[in-house]
Amino acid sequence: MKKNFKIIKANLSHLDKFYKLFQKTLRQSYFLYPPNSSDFIIEQDMTKGNIKRGLEEKSYVLYLGISDSRVVGYLLARKINGGVAFAHWLGVAKDFQNKGVASNLLAFWEKEAFAQGSHKLQLWTTENNIKFYKNRGFTLGGEFPDAWYGVDHFLFYKTLRKSNEKNFLKEYLES
C-alpha cells in the first residue's frame, strides 16, 4: 500500500505533534542511544520548551512529513551559518519508513538551504544510516568514535555549490 505524504516547513502550531513523534523515535532506539540517554535528551536537552524557543528565535528550522494531518517524519535543522546548513535530527514513524519520507525531507531541506545561499549541508549520524546518506549524495567526512551518549557518530556533508559570500552573506551585504 502506497503511503501518501507531503513535506512542509513547520511552525509552532505543529510543535505538539512533532514532539510526540520525536519522543517516540528516541525511545524506540531509532538513534541507537541507550534508554537512559534517550530519556535525558527528552527531559533535559531537547525538551519541547527548548525546541519551542529555538523555533521562536529562528535558531531552529523544522520540516515535517505530513500524512492526513499526522506527522510521520521530521528534520530539525539549525539556522544556516556561514553558508553551511546543519541538520540536527531526522526521524520517521516506523510505519512510514522506507516510503521516501526521509529522502523527501532531505531534498526539501536542500532546496531551502540552497535558496538561502548555502553551499554545504552537514549532519552527524550513527552507523545504521551510513548507506542511506551515501545513497543520497552525501560524503563521509569523518568518524567520531564513542561520541555523544557513548555512540559512534559519522560526519556527512554534501556540496551544493562553490562557496561565495554573495550567496551566504546576501542579507548582510544588502543591509
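This report describes how helix H1 packs against two other helices in a predicted model, and then turns to the salt bridges of the chain.

**Packing of H1 against H2**

Helix H1, which spans residues 15–27, packs against helix H2, which spans residues 35–45, with an angle of about 160° between the two and their axes 9 Å apart. Because angles over 145 degrees count as roughly antiparallel, H1 and H2 are described as roughly antiparallel to each other. The crossing of these two helices, H1 and H2, is right-handed. On the H1 side the contact is made by Tyr19, Phe22, Gln23, Leu26 and Arg27, while H2 contributes Ser38, Asp39, Ile41, Ile42 and Glu43. Sorted by class, the residues of the contact of H1 with H2 comprise five nonpolar, two polar and three charged. Arg27, Asp39 and Glu43, which are linked in a network of salt bridges, also appear among the residues of this contact, with Arg27 coming from H1 and both Asp39 and Glu43 from H2.

**Packing of H1 against H3**

Helix H3 covers residues 48–56, and its axis and that of H1 come within 11 Å and cross at roughly 130°. That angle makes H1 oblique to H3, and the crossing in which H1 passes H3 is right-handed. Here the contact is formed by Leu15, Asp16, Phe18 and Tyr19 of H1 together with Lys48, Ile51, Lys52 and Leu55 of H3. The contact of H1 with H3 has five nonpolar, no polar and three charged residues. Tyr19 of H1 is listed in this contact, and Tyr19 is also listed in the contact of H1 with H2.

**Salt bridges**

The count of salt bridges comes to eight. Three pairs, each joining parts of the chain that are apart in sequence, are set out in the table.

| Pair | N to O distance | Sequence separation |
|---|---|---|
| Lys48 and Asp16 | 2.8 Å | 32 residues |
| Lys158 and Glu110 | 2.8 Å | 48 residues |
| Glu112 and Lys9 | 3.7 Å | 103 residues |

The pair of Lys48 and Asp16 meets in a salt bridge through the side chains, and the link runs between helix H3, where Lys48 lies, and helix H1, where Asp16 lies. Both of these residues also belong to the contact of H1 with H3 described above. Lys48 is partly exposed, with a relative accessible area of 34%, whereas Asp16 counts as exposed at 51% relative accessibility.

Lys158 and Glu110 likewise meet in a salt bridge through their side chains, and this pair links strand S7, residues 153–159, which holds Lys158, with helix H4, which holds Glu110. Lys158 counts as buried at 16% relative accessibility, while its partner Glu110 counts as partly exposed at 25%.

Helix H4, residues 101–115, takes part in another such link, through Glu112. Glu112 forms a salt bridge with Lys9, with the closest N and O atoms 3.7 Å apart. Since Lys9 lies in strand S1, residues 6–9, and Glu112 in H4, the pair ties together parts of the chain that are 103 residues apart in sequence. Glu112 counts as partly exposed at 22% relative accessibility, and Lys9 also counts as partly exposed, at 45%.

Note on methods:
Residues are numbered from 1 along each chain as its sequence is written. This is a predicted model: local features need pLDDT of at least 70, side-chain atom pairs count only at pLDDT 80 or more; totals for chains, interfaces and linings use all residues. Side-chain values use heavy atoms; hydrogens and water are left out. Axes are lines fitted to C-alpha atoms, for helices over the stretch in contact, and angles run from 0 to 180 degrees between N-to-C directions. Helices (H or I, at least four residues) and strands (E, at least two) are DSSP runs, numbered from the N terminus. Angles under 35 degrees count as roughly parallel, over 145 as roughly antiparallel, 65 to 115 as roughly perpendicular and the rest as oblique. A crossing is left-handed if the near helix is turned anticlockwise from the far one by less than a right angle, and right-handed if clockwise. Contact means heavy atoms within 4.5 Å. Ala, Val, Leu, Ile, Met, Phe, Trp, Tyr, Cys and Pro count as nonpolar, Asp, Glu, Lys and Arg as charged, and the others, Gly among them, as polar. A salt bridge is a side-chain nitrogen of Lys or Arg within 4 Å of a carboxyl oxygen of Asp or Glu. Buried means under 20% relative accessible area, exposed over 50%, partly exposed in between (1.4 Å probe, protein chains only).
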